[in-house]
Amino acid sequence: MIFESHAHYDDTAFDADREEILNQCREQGIETIINVSASLDSVKSTLALAEKYPFIYGAVGIHPDETGELSEEAFAWLCGQCRHPKAVAVGEIGLDYYWDKEKHELQKYWFRRQMELAKELGLPIIVHSREAAADTLEAVRAAHSPKLRGVIHCFSYGPELAGEYLDMGYYIGIGGVVTFKNAKKLKEVVKMLPLERILLETDCPYLAPEPNRGKRNTSLNLPYIAEAIGQLKGIETKEVIRVTNENAKTLYFGGR
Ligand code: NI
C-alpha cells in the first residue's frame, strides 16, 4: 500500500473528475493521502476533502507565496484549523525566492511563526524551499528542537544540504523530478539518503514523473517514482513502497 505524502486534490485541475481519480487511487493501492494547503482558502478546501474521504488527511499552512494574506487575525484562525481532528501537519510553509512573490522578510517571519505553531501543537511541518537554500537552513536550525519534526518536500538541493536536514531528524520528500533524465543532483541525493528517511510524494497536479512528464499529475503515478528510487538504490520497487509508507505513518501518525 502506497502513502501519498503531498497532494493538492483541492486544485481546480481536479474539478472535472476529482471523485473518479480519488476512487481510482483507492483501487490502485493508494492507502493514505496528505492533502496540503497553501492559502487560507485551500485550508478550507483541504479540510473539506479530509472530512469527506476517510483516507485523506490535511496539512494546514500558508505557502511562502501566499504569506501576504496573513495577519494576526488570520493567523489566529489558522491556529484553530490546526486543531481539526484530521489536521496532521503544518504546511506547506517555507521560503520561495524563485517566484519571489512576497518580501523575504515577510516570508521568513511567517515561516518562523508557523514553525512555532507546529512545535506548540506537536505537529510535523511540511517545508517548501525553492532557491532559498541558505535562509531555509538558517530558519529551520533556529527553530530546531527534538519536538519539531517534518519533511523537506520536493527536495531540490544537493547531498550536503540533505545531510544537514537528516542530522536534524528531517525526512526528505522525493517526487517526479527523480525520474527526469537531467536530475543528476537529485539522483545523487537519493543514492545517499537512507530509505528510512524518504517520503514518496507527487505534488499533484504538478510535476508528473516520466513517462507522463508534462501531463496533469495524480497519485496514480507514485509507482514510477518508487521504481526510480529503487533503481538508484538497487532495491525492489515494492520495498521502496513498503518502507516509505512506514516512514510517513511514523511522521504523521506517530507510527499508527
Ligand atoms: Ni505542494
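I began with helix H5 (residues 133-143; helices are DSSP runs of H or I of at least four residues, strands runs of E of at least two, numbered from the N terminus), where Ala-134, Glu-138 and Ala-142 are exposed on one side, exposed being over 50% relative accessible area, buried under 20% and partly exposed in between, with a 1.4 Å probe and protein chains only.

I noted that this is a predicted model, in which local features need pLDDT of at least 70 and side-chain atom pairs count only at pLDDT 80 or more, while totals for chains, interfaces and linings use all residues. Residues are numbered from 1 along each chain as its sequence is written, and side-chain values use heavy atoms, with hydrogens and water left out.

I then listed the buried residues of H5, which are Thr-136, Leu-137, Ala-139, Val-140 and Ala-143. Seen down the helix axis, they fall within an arc of 165°, so they line one face of H5; the arc is taken over directions from the axis to the C-beta atoms. These buried residues pack against S4, helix H4 (104-121), strand S5 (125-130) and helix H6 (159-167), contact meaning heavy atoms within 4.5 Å.

I turned next to the nickel ion, which is coordinated by His-6 (NE2), His-8 (NE2), Glu-92 (OE) and Asp-203 (OD) at 2.1 to 2.3 Å. Donors are N, O and S atoms within 2.8 Å of the metal (3.2 Å for Na, K and Ca), and sites may look incomplete because water is not among the atoms. His-6 in strand S1 (residues 2-7) and Glu-92 in strand S4 (residues 87-96) are 86 residues apart, so I recorded the pair as linking distant parts of the chain. I found His-6 buried at a relative accessible area of 1%, and Glu-92 likewise buried at 3%.
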